[in-house]
Amino acid sequence: MRRLRPGRWAVVTAAGFFAWSAWTYQGREPDRAAERDRALADGRERVAVLNTLDHTRAEEGRRAWLEASTGDLRVRLERESSAGRLVSSRTSAVGTVLAAALTSFDGRAGSAELIASVNIQITPAEGEPSVQRKRFSAGLTRTSGGWSLSSLIALPAQDG
Amino acid sequence: MQTSRSLQPLAALLLTAAGAALLYLGRAEEPRDRALLDAAATGQVLDEVGDGLTRVLSYSPDGLDLTEDAARDVLRGRAAEQYRTLFARVREEAPAQGTSMRTRVVRAGAVELTGDHAVVLVFLDQTSVREGGRESRPAAAQLTVTARYEDGRWRITELKAT
């Protein structure tokens with residue numbers, strides 16, 4: 001039986017090291033960070049959209065709501081008439097997200113949760129505009145058009 | 001035969017160098033911000049920041065020392081300074097009025113987690129209790145908290161109402 005020469009040992013060992021490095025490299029995860037950042041950015045934007053409606057452009061606004069949502073939330077928005085109520089009272093709302101953070105993230109399943117602190121400027125038909133501060137918890141689902149809201153729940157202060 | 005044997009060291013060297021380069025590249029690309037990617041680290045910062053906030057933002061008229069001790073433990077830098085001013089007023093008013101404050105964390109999410117620096121968004125509910133046990137309606141608060149990992153735990157360096 002021929003012994004492996006030192007030269008060949010070196011090559012075999014080096015090849016093994018290279019194979020292991022290549023395997024480690026292809027398993028790295030910079031993409032997960034990008035996905036996480038995308039979920040937060042999309043989520044923030046869509047929470048603002050769902051707190052915004054210009055009563056003079058209600059149809060546009062309602063379409064924006066549907067585009068920003070998915071799943072159960074979208075179905076509910078299709079049926080509900082919150083847009084209708086704002087329109088009939090000639091009230092407009094502009095939502096601005098002051099701060100937001102993900103509270104859970106599953107890049108593989110394409111689902112995440114977010115909390116957001118939102119300023120809503122309400123402009124009624126008559127009278128001065130007023131500002132409300134609201135807190136939300138939102139569910140996010142990755143769709144072909146980015147991360148959309150599958151749920152949006154207000155979090156008022158509660159006895160507990 | 002002779003040729004292939006003299007190429008072996010070169011081949012070994014090239015393979016090793018290539019492997020090392022891939023390892024280096026891979027490590028250089030590790031996301032700096034581990035928020036939510038590193039579940040354990042994220043959980044730890046949320047727990048410790050949340051716990052710290054509960055302890056420094058809750059007090060009872062005859063337990064003010066406890067709260068002050070917590071502040072000394074948990075707060076650093078600007079947060080510690082801001083707090084000293086606020087707490088001086090609490091020290092004056094709380095015993096006189098017999099008021100307590102109860103703060104609890106409703107939600108918390110990591111905005112950023114890099115090395116020993118973190119930013120956390122926290123939703124709090126705060127209830128003040130008058131002498132005789134009458135509770136106020138709870139108030140909602142939102143804080144953006146900056147924290148630094150120091151001496152084995154996360155310490156709060158900045159508090160900003162959001």
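How far apart along helix α2 of chain A are A:D42 and A:R38, counted in helical turns? That was the question I opened the notebook with, and I came back to it after noting what kind of model this is. The model is predicted, and I kept that in mind throughout.

**Entry 1: the pair in α2(A)**

I looked up the side chains of A:D42 and A:R38 and found them joined in a salt bridge, with 3.6 Å from N to O. Helix α2 of chain A covers residues 30-50, and the two residues lie four apart in it, so about one helical turn separates A:D42 from A:R38. I then ran the search over the whole structure, and it returned 19 salt bridges over all chains.

**Entry 2: chain A from end to end**

Next I listed the elements of chain A. I have five helices and four strands in my notes. Reading from the N terminus, I get α-α-α-α-α-β-β-β-β, with the helices written before the strands. The radius of gyration of chain A is 25 Å, whereas the globule rule gives 15 Å for 160 residues, so chain A is more spread out than a compact globule. I also boxed the C-alpha atoms of chain A along the principal axes and got roughly 95 × 35 × 25 Å.

**Entry 3: strands of chain A**

I took β1(A) and β2(A) to begin with. Strand β1 of chain A spans residues 92-106 and strand β2 of chain A spans residues 111-123; they pair antiparallel, and I noted 13 bridges between them. To anchor the register, I wrote down that A:S92 faces A:T123 of β2(A). Four residues lie between these strands in their hairpin, where A:G110 has a positive phi near 70°.

Then I moved on to β3(A), residues 130-143, and β4(A), residues 146-154. These two are also antiparallel, with eight bridges. A:F136 has A:A154 as its bridge partner in β4(A). The hairpin that connects β3(A) to β4(A) has two residues in the link.

A reminder to myself for viewing these strands: side chains in a regular strand alternate between the two faces of the sheet.

**Entry 4: chain B from end to end**

I repeated the listing for chain B. This chain has four helices and four strands, in the order α-α-α-α-β-β-β-β from the N terminus. What radius of gyration does chain B have, beside that of a compact globule of 162 residues? I found 25 Å for chain B, while the globule would be near 15 Å. The C-alpha trace of chain B spans about 100 × 25 × 20 Å along its principal axes.

**Entry 5: B:L143 and its two neighbouring strands**

Here I followed one residue, B:L143 in β3(B), in both directions. Opposite it stands B:V122, and its bridge partner in β4(B) is B:A161. The strands around it fit that picture. β2(B), residues 117-129, and β3(B), residues 139-150, run antiparallel with 10 bridges. β3(B) is also joined by eight bridges to the antiparallel β4(B), residues 153-161. I checked the turn of the β3(B)-β4(B) hairpin too: two residues sit between the strands, and B:D151 there shows a positive phi of about 50°.

**Entry 6: where chain B touches chain A**

How many residues does each chain bring to the contact? I have 40 from chain B and 41 from chain A. The size of an interface is often given as the accessible area lost when the parts come together. For chain B and chain A, that buried area is about 3,300 Å², and carbon and sulfur atoms account for 66% of it.

I looked for charged pairs across this interface, and the rule finds two salt bridges. In one salt bridge, the side chain of B:D33 meets that of A:R36 at 3.7 Å, N to O. For polar contacts between chain B and chain A, I noted 12 residue pairs, with both residues at pLDDT 80 or more. On the chain B side, the elements giving two or more residues are α1 (2-28), β1 (100-114), β2 and β3. The most comes from α1(B), with 13 residues. By class, I recorded 24 nonpolar, eight polar and eight charged residues on the side of chain B that touches chain A.

Notes:
Residues are numbered from 1 along each chain as its sequence is written. Chains are lettered from A and ligands numbered from 1 in the order in which they are written. Side-chain values use heavy atoms; hydrogens and water are left out. Two strands pair if DSSP finds at least two bridges between them. Contact means heavy atoms within 4.5 Å. Buried area is the accessible area (1.4 Å probe) that two parts lose on being put together, summed over both. A salt bridge is a side-chain nitrogen of Lys or Arg within 4 Å of a carboxyl oxygen of Asp or Glu. A polar contact is a pair of N or O atoms within 3.5 Å; within protein, one must be able to donate a hydrogen and the other to accept it, and residues adjacent in sequence count only if both atoms are side-chain atoms. Ala, Val, Leu, Ile, Met, Phe, Trp, Tyr, Cys and Pro count as nonpolar, Asp, Glu, Lys and Arg as charged, and the others, Gly among them, as polar. The radius of gyration is taken over C-alpha atoms; the globule rule is 2.2 Å times the number of residues to the power 0.38.
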